[in-house]
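Colleague: Could you take me through one part of this model in detail, and set it in the context of the whole chain? I would like a careful reading that I can follow with the structure open beside me.

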Amino acid sequence: MLGYAVLFLIVALVAGVLGFFTLASAAAGIAKILFVVFLVLFILSFFFGRRRA
């Protein structure tokens, strides 16, 4: 998931440089959402993933 966030960030940067500002803002928004989802899942797996009896 972090890979997809980085991919959309790169797409946003390239689109911004080329002048496609609508596409750039959409890709940046998707990258932000994916990064937040990644962080939430990472934190949850960190706390709940290592339970041993």
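What follows is a close look at helix α2 and its surroundings.

Modeller: Please keep in mind throughout that this is a predicted model. The secondary structure of the protein chain consists of 2 helices and 0 strands, and its radius of gyration is 15 Å, well over the 10 Å that the globule rule gives for 53 residues, so the chain is more spread out than a compact globule. Taken along the principal axes, the box filled by the C-alpha atoms is roughly 55 × 15 × 10 Å. Of the 53 residues, 13% are buried, and the accessible surface comes to about 4,500 Å², with 78% of that area belonging to carbon and sulfur atoms.

Helix α2 itself runs over residues 21–48, which gives it 28 residues. From its first C-alpha to its last it reaches 40 Å, close to the 40 Å expected at 1.5 Å a residue. A UniProt annotation from an unreviewed entry, "transmembrane region", covers residues 29–49, and such an annotation may be inferred rather than shown by experiment. In the model, the chain over residues 29–49 is 95% helix and 0% strand, with the end C-alpha atoms 29 Å apart.

The buried residues of α2 are A24, A27, A31 and L34, and what covers them includes α1, residues 2–18. A useful place to look at this from the other side is A12, which is found in helix α1. With a relative accessibility of 9%, A12 counts as buried because the cut-off is under 20%. Leaving aside residues up to four places away in sequence, A12 touches A24, A27 and A28, and A24 and A27 are among the buried residues of α2.

The backbone distances around this part can be followed pair by pair. V11, also in helix α1, has its C-alpha atom 7.1 Å from that of A24, although their positions lie 13 residues apart along the chain as the sequence separation is counted. V11 is partly exposed, at 34% relative accessibility. A12 and S25 are likewise 13 residues apart in sequence, with 6.8 Å between their C-alpha atoms. S25 has its place in helix α2 and is partly exposed, with a relative accessible area of 48%. From S25 to L13, 12 residues away along the chain, the C-alpha separation is 9.4 Å.

Further along α2, the aromatic residues deserve attention. The count comes to 4 aromatic pairs, and one of the pairs, formed by F42 and F46, is stacked, with 6.4 Å centre to centre and 25° between the planes. The angle qualifies as stacked because planes under 30 degrees apart are counted that way. F42 and F46 are 4 residues apart in helix α2, and therefore they are separated by about one helical turn. F42 is partly exposed, with a relative accessible area of 46%, whereas F46 is exposed, at 53%; the two fall into separate classes because exposed means over 50%. This pair belongs to a wider group, since F35, F38, F42, F46 and F47 form one aromatic cluster.

Taken together, helix α2 has buried residues that are covered in part by α1, and F42 and F46, which lie in the helix, belong to the aromatic cluster.

Note on methods:
Residues numbered from 1 in each chain as written. Predicted model: local features only at pLDDT ≥ 70, side-chain atom pairs only at ≥ 80, totals over all residues. Heavy atoms only, no water. Expected span 1.5 Å × (residues − 1). Buried < 20%, exposed > 50% of the residue type's maximum accessible area, 1.4 Å probe, protein only. Contact = heavy atoms within 4.5 Å. Rg over C-alpha atoms; globule rule 2.2 N^0.38 Å. Areas by Shrake-Rupley, 256 points an atom, 1.4 Å probe, with all protein chains shown as cover. Phe/Tyr/Trp six-rings, centres within 6.5 Å; stacked < 30°, edge-to-face > 60°.
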